[in-house]
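Good morning, colleagues. Thank you for making time for this presentation. May I ask you to turn to the structure on the screen.

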Amino acid sequence: MGGSFDPIHIGHLVAASEVAHRFDLDQVVFSPTGEAWHKPEDGRAPSELRYLMTVVATAADPRFRVTRVDIDRPGPTYTVDTLRDLREELADDHPGHTAEWYFITGADALADIVGWRDPERILSEVHLVGVTRPGHALADPGLPQARVSMLEIPALAISSTDIRARVRAGAPITYLVPEGVAHLIAKHGLYRPGS
Ligand code: NAP
């Protein structure tokens, strides 16, 4: 599951759990993106803190783990690199193991996939799962239907953008993010004006 996770919230966790259930997945590997290059840096959390928040948020669930592949690779995050590095990581941890791969992310992000690096390769290697918030019209990315699934997740009414805005405005984020994530946001003064 790829994402900025800036910050990770309950909607991401519900989405991961629901996709794991629907597709009978053994494991969901969360991969926070490296430093943003296509977005303004203002008010964003550095990659190490996004990684830390993701670890804290997923710690209690035995189906979830977090990888550093995108955090540790210099330069922009391309999904084709994420998938290659994850395969290597799995081969190191479980030699000889074969796996069926899914790439889960926001349906909005997925809608642009034709403009990503090497989309044909991504499509040939994984089944794509786009998760979306309720009431959000899904753009048809024009992808082969057998390789792509779209899933509406009611809990994705929560969004990272809204959480950052709430922190900036001094509004509570209790219950929108796991408790440990709220503590990290407060401790490091994330998303506050001037941060
Ligand atoms: P983003 O622009 O931060 O997010 C776009 C939308 O998708 C937002 O509404 C976001 O909601 C939602 N979203 C993102 N990740 C999600 C997730 N895991 N579960 C549910 N909703 C999610 O997108 P991004 O985070 O930068 O990119 C998403 C993934 O696509 C990353 O793994 C990234 O590396 C990959 N990507 C690859 C390329 C490429 O290969 N060229 C280009 C773009 C993106 P929230 O803000 O609430 O999460």
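I shall speak about the sheet, then the ligand, then two buried threonines, and finally some backbone features. Please keep in mind throughout that this is a predicted model.

Let me begin with the sheet. Three strands form an open sheet, in the order β4-β5-β6, with parallel pairing. The edges are β4, residues 102-106, and β6, residues 148-152, and each of these pairs on one side only. From one strand to the next, the twist averages 20°. As general background, strands of a sheet pair through backbone hydrogen bonds, in either a parallel or an antiparallel arrangement.

How are the strands joined? Between β4 and β5, which spans residues 127-132, there are five bridges, and the two strands run parallel. Within that pairing, Y102 stands opposite H127 of β5, and F103 stands opposite L128 of β5. On the β6 side, β5 and β6 also pair in the parallel sense, over five bridges. One position to look for there is V131, whose bridge partner in β6 is L151.

Why do we describe β5 as largely enclosed by the rest of the structure? The reason is that six of its six residues are buried, and for this purpose buried means under 20% relative accessible area. The side chains divide between two directions: H127, V129 and V131 point one way from β5, while L128, G130 and T132 point the other way, and all are buried.

A helix belongs to this picture as well. Helix α1, residues 10-23, packs on the sheet and touches β4, β5 and β6. The direction of α1 makes about 135° with that of β5.

I now turn to the ligand. There are 25 residues around the ligand, and those that come nearest are S4, H12, T79, R133 and S160. Which elements supply the shell? At least two residues each come from β1, residues 2-3, from β4, and from α5, residues 107-110. Of the elements, β4 gives the most, with three residues. The edge strand β4 of the sheet is therefore also a part of the structure to examine when you look at the ligand shell.Several polar contacts involve the backbone. A nitrogen atom of the ligand is 3.0 Å from a polar backbone atom of G2. An oxygen atom of the ligand lies 3.4 Å from a backbone N or O atom of G3. For S160, a backbone N or O atom lies 2.9 Å from an oxygen atom of the ligand. As for cover, the ligand has 860 Å² of accessible area on its own, and the protein covers 86% of that.

Next, the two threonines. T79, which I named among the residues that come nearest to the ligand, lies in helix α4, residues 79-93. Is T79 buried or exposed? With a relative accessible area of 11%, T79 is buried, because the limit for that term is under 20%. Leaving aside neighbours within four places in sequence, T79 is in contact with F103, W116 and I122. You will recall F103 as the residue opposite L128 in β5.

The other threonine is T54, in helix α2, residues 47-58. T54 has 0% relative accessibility and counts as buried. Not counting residues up to four places away in sequence, T54 touches F5, I8, F30, P32 and V66.

I come now to the backbone. In general, most residues other than glycine have a negative phi, and most peptide bonds are trans. Where does this model depart from that pattern? A cis peptide bond joins D6 and P7, with omega about 0°. P7 itself sits in the loop between β1 and α1.

Two residues other than glycine have a positive phi: for D118 the value is near 55°, and for Y175 it is near 75°. D118 lies in the loop between α5 and α6, the latter being residues 119-125, and Y175 is found in the loop between α7, residues 160-169, and α8, residues 179-187. As to accessibility, D118 is partly exposed, with a relative accessible area of 34%, whereas Y175, at 74%, counts as exposed.

My last item is A36, in the loop between β2, residues 28-32, and α2. A36 is partly exposed, with a relative accessible area of 26%. How far apart are A36 and G75 in sequence and in space? They are separated by 39 residues in sequence and by 9.0 Å in space, C-alpha to C-alpha.

That concludes the presentation; thank you for your attention.

Note on methods: Residues numbered from 1 in each chain as written. Predicted model: local features only at pLDDT ≥ 70, side-chain atom pairs only at ≥ 80, totals over all residues. Heavy atoms only, no water. Pairing = 2+ DSSP bridges. Helix = DSSP H or I, 4+ residues; strand = E, 2+ residues; numbered from the N terminus. Axes fitted to C-alpha atoms, helices over the stretch in contact; angles between N-to-C directions. Contact = heavy atoms within 4.5 Å. Buried < 20%, exposed > 50% of the residue type's maximum accessible area, 1.4 Å probe, protein only. Near = heavy atom within 4 Å. Polar contact = N/O pair within 3.5 Å; in protein donor to acceptor, adjacent residues only side chain to side chain. Areas by Shrake-Rupley, 256 points an atom, 1.4 Å probe, with all protein chains shown as cover.
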